Amino acid sequence: MKILVINSGSSSLKFQVIDSETERVLAKGLCERIGIDGRFTYKTDTGVSLKEPVPMKDHKQAVHTILDTLSDPDKGVIGEFSEIDVVGHRLVHGGEKFTGSVVISEEVIHAMTECNDLAPLHNPANLVGVEACRELMPDTLMVGVFDTAFNQTMEPKAFLYGLPYKYYERHKIRRYGFHGISHKYVSRRAAQFMGQDPGRVKTIVCHLGNGASICAVKYGQVVDNSMGFTPLEGLVMGTRCGDVDAGALEYLAKKEDLDIKQIVAILNQESGVLGISKNFSSDFRELKDAEIKYHEKATLAREIFAYRVAKYVGSYAAAMNGVDNIVFTAGIGENDSDIREEICSYLEYLGITIDEVKNREQAEAVKISDGTSRVNVLVIKTNEELEIAREAAAVAEGLV
Ligand code: ADP
């Protein structure tokens with residue numbers, strides 16, 4: 001099957017065409033600045049490469065550009081639109097309604113719209129991409145793959161806050177966890193790489209990108225995830241604060257004369273390693289350069305980041321009563337060997353020892369713990385698009 005994977009944001013739309021039998025990426029690209037001036041980037045596995053301005057007044061025009069290019073006789077990888085068997089859409093928030101991937105129907109769109117309040121930045125943007133594809137490809141099967149779905153196996157003891165229960169009943173205030181598509185892909189790939197049965201291992205996945213979360217996966221099911229009601233909870237991130245005492249916020253609001261909207265903007269956009277480093281950078285490459293030049297707050301930001309990761313790993317080892325695999329993934333997790341080493345230095349009590357040479361290797365998957373380590377430590381490149389394509393193909397196969 002040929003699967004078109006769509007990841008639609010408010011002004012951008014990423015796509016890939018994946019052959020589900022071979023898992024080869026036939027083409028991939030990005031529409032940016034939708035509704036502004038429009039920019040189109042496109043690459044195929046046959047060597048076509050484009051980067052050009054293309055006017056795109058809305059998402060429908062962006063999808064049109066994608067489909068026209070994919071079916072172009074010179075640049076394309078398909079003969080006509082109908083050769084796309086399924087479109088797999090990345091959908092951020094499915095609330096409690098979606099525990100797995102689904103065929104997108106009117107009811108699903110309605111149910112998703114009801115979750116818009118839970119993810120006001122992401123869900124409406126995802127839905128615009130869905131609507132654009134439905135209009136241009138009315139006969140093609142659309143599958144929704146949710147970032148929250150994999151985390152839906154969390155038990156109430158993990159997903160409830162210590163708030164009055166009535167607020168869960170009335171408003172569904174609870175922890176949802178995010179990055180589920182990546183955590184699912186990476187935890188399974190780790191087991192496959194180690195020759196293990198995913199249903200028999202305990203894995204902690206550290207998805208360390210600009211947004212960062214840690215997930216405890218026991219016997220294939222999520223036990224806990226460091227992100228909560230929103231992707232603000234948990235780790236210290238690029239610009240997000242992670243866990244913080246809610247009581248400090250009222251104090252801050254009073255002292256700086258801020259309202260709740262301003263406070264939330266600070267927590268999301270001005271905090272994390274960016275804020276700690278006194279606005280030096282949210283980019284770990286730059287923080288590292290600064291560290292070499294003895295920028296005191298950049299060093300502190302990296303230290304705080306690593307320390308928080310190590311604390312979560314420790315708590316999730318406790319939550320699962322043990323851990324077999326710890327996996328690093330995403331931009332920082334895949335590339336920053338120093339941070340990995342620093343995090344692992346806190347984990348000696350788990351019997352973890354790192355092979356310094358392996359830790360500097362670059363590969364799709366590598367085991368960086370040495371032969372004596374009691375826990376496998378791995379670095380695995382995440383591949384959310386492939387996971388979406390797999391889910392979309394599985395849903396489609398289930399229908400035939
Ligand atoms: P997101 O998808 O959340 O935007 P990514 O997974 O792409 O995030 O990760 C982005 C982060 O990865 C940035 O902080 C960036 O600095 C970091 N990163 C990328 N490459 C490297 C590298 N070689 N060394 C350290 N950090 C890196």
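Guide: A polar contact here is a pair of N or O atoms within 3.5 Å. Keep that cut-off in hand as we look at the ligand in this predicted model.

Visitor: Glad to! Which residue has a polar side-chain atom 2.4 Å from an oxygen atom of the ligand?

Guide: Start with the residues around the ligand, which include Ser282, Asp283, Phe284 and Arg285. The pair you describe joins a side-chain atom to a ligand oxygen at 2.4 Å, and the cut-off for a polar contact is 3.5 Å. The residue that supplies this side-chain atom is Asp283.

Visitor: And which residues place a polar backbone atom 3.0 Å or 2.9 Å from an oxygen atom of the ligand?

Guide: Both belong to the group around the ligand. At 3.0 Å the backbone atom comes from Asn210. At 2.9 Å the backbone atom comes from Gly331.

Visitor: How much of the ligand's accessible area does the protein cover?

Guide: On its own, the ligand has 580 Å² of accessible area. The ligand sits in the second largest pocket. There, the share covered by the protein is 65%.

Visitor: Which element gives the largest share of the shell around the ligand?

Guide: Two elements give two or more residues each: α10 (284-292) and α12 (330-335). The largest share is 4 residues, and it comes from α12.

Visitor: How many charged residues does that shell have?

Guide: Sorted by class, the shell has 3 nonpolar and 6 polar residues. Asp283, Arg285 and Asp336 are among the residues around the ligand, and Asp and Arg count as charged. The number of charged residues is 3.

Definitions and conventions. Residues numbered from 1 in each chain as written. Predicted model: local features only at pLDDT ≥ 70, side-chain atom pairs only at ≥ 80, totals over all residues. Heavy atoms only, no water. Near = heavy atom within 4 Å. Polar contact = N/O pair within 3.5 Å; in protein donor to acceptor, adjacent residues only side chain to side chain. Areas by Shrake-Rupley, 256 points an atom, 1.4 Å probe, with all protein chains shown as cover. 1 Å grid on protein atoms, 1.4 Å probe; cavity = no way out; pocket = protein on both sides within 12 Å on 5 of 7 lines; lining within 4 Å. Sits in = over half its atoms within 2 Å of the grid points.
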